[in-house]
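Me: Could you take a close look at the contact region of this model for me? I would like the cut-offs along the way.

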Number of protein chains: 2
Amino acid sequence: MRLKDLAEHLGLSQTTVSRALNGYPEVSETTRLRVAETAARLGYRPNASALRLATGRSGAVGLVLRGVGELGPHMSEFVAGMSGRMGAEEIDILLITVDNFQEEMAAYRRLAASQKVDAVVLHSPTLKDQRAELLLELKMPFILHGRTDIGTTVPWLDIDNRAAVERATSHLLDLGHRRIAILNGLKGRTFAEHRELGYRTALAARGVTPDPALVGNSVFTDEVAFRIAQSMLELRPRPTAFLAGSMMTALGVFRAIRQAGLVLGKDVSMIAHDDVFPYLNADNMYPSMSTTRSSIRAAGVRIAELILSILAGKPPEDVHELWPVELVLRESSGPPPF
Amino acid sequence: MRLKDLAEHLGLSQTTVSRALNGYPEVSETTRLRVAETAARLGYRPNASALRLATGRSGAVGLVLRGVGELGPHMSEFVAGMSGRMGAEEIDILLITVDNFQEEMAAYRRLAASQKVDAVVLHSPTLKDQRAELLLELKMPFILHGRTDIGTTVPWLDIDNRAAVERATSHLLDLGHRRIAILNGLKGRTFAEHRELGYRTALAARGVTPDPALVGNSVFTDEVAFRIAQSMLELRPRPTAFLAGSMMTALGVFRAIRQAGLVLGKDVSMIAHDDVFPYLNADNMYPSMSTTRSSIRAAGVRIAELILSILAGKPPEDVHELWPVELVLRESSGPPPF
DNA sequence: CCAAAATTTGAAATCGCTTTGAATGCGCTA
DNA sequence: TAGCGCATTCAAAGCGATTTCAAATTTTGG
């Protein structure tokens, strides 16, 4: 069913039918209704490729993922949020996976040259993100989930990682903890650097010297967190509190604590960052988990809205949002044992 | 940079340039090389929309996900596999999320009418899957990850869930277990029904009557598995072994066992189905986990290949693969305590 | 009641590619 | 040298939508 067929069926020109369907004012209300009704009845939908060619907009945004690992639970949640919002606008998400940095850059070049997408979403940026620089150069609209510090201002949405970790650390210090371990993200990622900054700031404010042995940098998975926490718990004096970078990390730390014969919330405290996974509720855990909380799915929704507004013409340099992070205290954090 | 520009730049017609780039035989080797070199140098890439309109193929396959929950770790892994293989072929994955069954059906109709995708991938089918029926009716090529039993033969790839669970159950029975609990997927899903069949078959072969209280049906998350396992462990006599539907489920069961003051691999046995998540290794757990193993990522890769072959003209009715499942015995399964 | 303005419709150009059908140039044979 | 076949190349016609510009119709105002 092409526009042409529909027009013939209605005894109208393509022009009029197209206008009627797209809500242009210069078509009488009578015909508009007739057209709309018939189109719906016949299940007409414009051919996506033709529409894109004619309008010059592809109706899709790209998301490039570095294969293994990056498409984990965090990304899933984020994509779920994004996709839900985009879907409402009939904009699709184009998923592309690559194996390494080279390929990722090549993928952006391809996307730009072939105009497959109207914009892309960049995530987990580094402090000086070369991908953002490339996209600027390619004049491809984009938005950053996180922040980076290249010369130009780029649109971004981020949570206040520094403040979140600073608060959590300060709280633990207030409770009397002095050996506080942090399981942070990979070195170089902006969010991890921000978190480390928050951690150090809080320690410095209390005159506590940070111990490098208590700082771990890794991906956020149960397994590696378990191993790192395990080795940290073998230190003497051992850490009395953990800051876990994500709920996955928290699960690993949890296991390590139990395996060491210790009790979470009594012998060892923990505050985890909670990205709010629908299937992993901090409140339902035993003991319930103290968290710094910010929904990554909500961030996905908002990122979608922001990119839509940029595509609608909003100046990209005006787009930036810093979200505060809640500190929710539960049973996993308490005073150190003495 | 359009084809026209490139052609002018070369002093050739669009026709010749297009042919040169697409490897048609009727262009001299000299010009072909010259064209290829210049195109590469100028970074020419055909406009995706125009190409799609001209060729009638969209160069994308669709994946419709039911919002919450469905975009979890299993799907991520599967998509990672699919996407990697598709990417090599320059075919994109279009991600669409919907909120319910109605919307999902509507999404397929839209995809078909607007020709946004050349094919779709269907996952977690039910025994009589209406989505598959709809896609047949819409003449939209598709492939099933899993199986369904509607009249026609449809292309599918599945793992042998029945045999896997039957073997695992038989093994536990051989060890002497009689109260074996199973944490299965949602009722109605083909894979869950197949697993239940395998479970019942094994029990029947030993003359053990299945206890409905030991059968759980739910989504595969840590949380719900924890709750279900917890209540099962309160039964008297309590189950001495668990079959966990996924590694996520296994984590929840693990927690419930420990919380009940029991020791996995001694007081209670467990065999989990392992979809092989790169970040959750059964071998590294404490105790290491006995599993029925089949990589869901590999399935994603293969699904991509199969859909490509269907698009290339292979008769869909010839496409079906049943993958065997390994049983890997580790420390979490042993004889029951007496 | 007629000219002018406003409303409503349509023919044709356009987007950037592929592909059909025709044209060009060249070397050979007869 | 005319004529044929072959290898290359090109002009132009799609693909299915939007959009420009012009035409037809209806309304309005004097």
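Reply: Here is a walk through the contacts, from the chain pair to the DNA, with a short look at a sheet at the end.

This is a predicted model, so please keep its filters in mind: local features need pLDDT of at least 70, side-chain atom pairs count only at pLDDT 80 or more, and totals for chains, interfaces and linings use all residues. Residues are numbered from 1 along each chain as its sequence is written, while chains are lettered from A and ligands numbered from 1 in the order in which they are written.

Let us begin with the two protein chains. A turn of 180° and a shift of 0.1 Å along the axis lay chain B on chain A with an RMSD of 0.1 Å (least squares on C-alpha atoms of residues with pLDDT of at least 70 in both copies). This is why the pair can be described by a two-fold axis. Both copies use the same surface, as 98% of the contact residues of chain B recur in chain A.

How many residues are in contact? On chain B there are 45, facing 44 on chain A (C-beta atoms, placed from the backbone, within 7 Å). On chain B, the elements that give two or more residues to this side are α4, α5 (67-70), α6 (73-88), β2 (92-98), α7 (101-114), α11 (222-233) and α12 (247-259) (DSSP runs: helices H or I of at least four residues, strands E of at least two, numbered from the N terminus). Helix α6(B) supplies the largest share, 7 residues. By class, the side of chain B that touches chain A has 18 nonpolar, 18 polar and 9 charged residues (charged: Asp, Glu, Lys, Arg; nonpolar: Ala, Val, Leu, Ile, Met, Phe, Trp, Tyr, Cys, Pro; polar: the others, Gly among them).

Strand β2 (residues 92-98) of chain A also joins β2(B) through 3 bridges, and the two run antiparallel (pairing takes at least two DSSP bridges). In that pair, A:L95 has B:I93 as its bridge partner.

Now to the DNA. Around strand C there are 26 residues, and A:S13, B:R2, B:L3, B:S18 and B:A54 are the closest (near: C-beta, placed from the backbone, within 6 Å). Both chains take part: α2 (14-21) and α4 (48-55) of chain A, along with α1 (3-10), α2 (14-21) and α4 (48-55) of chain B, each supply at least two residues. Helix α4(B) provides the largest share of this surface, 5 residues. The surface near strand C has 10 nonpolar, 12 polar and 4 charged residues.

DNA strand D is surrounded by 26 residues, of which A:R2, A:L3, A:S18, A:A50 and A:A54 come nearest. Here α1 (3-10), α2 and α4 of chain A, together with α2 and α4 of chain B, each supply at least two residues. Helix α4(A) gives the most, 5 residues, and the classes are 10 nonpolar, 12 polar and 4 charged.

Finally, a look at the sheet in chain B. Six strands form an open, mixed sheet in the order β7-β6-β8-β9-β10-β12, with β7 (215-217) and β12 (326-328) at the edges, each pairing on one side only. Strands β6 (residues 180-184) and β7 of chain B pair in the parallel sense over 3 bridges, with B:I182 standing opposite B:V215. Helix α10 (residues 190-205) of chain B packs on this sheet, touching β6, β7 and β8 of chain B.

Terms used
Two residues are in contact if their C-beta atoms, placed from the backbone, lie within 7 Å. Axes are lines fitted to C-alpha atoms, for helices over the stretch in contact, and angles run from 0 to 180 degrees between N-to-C directions.
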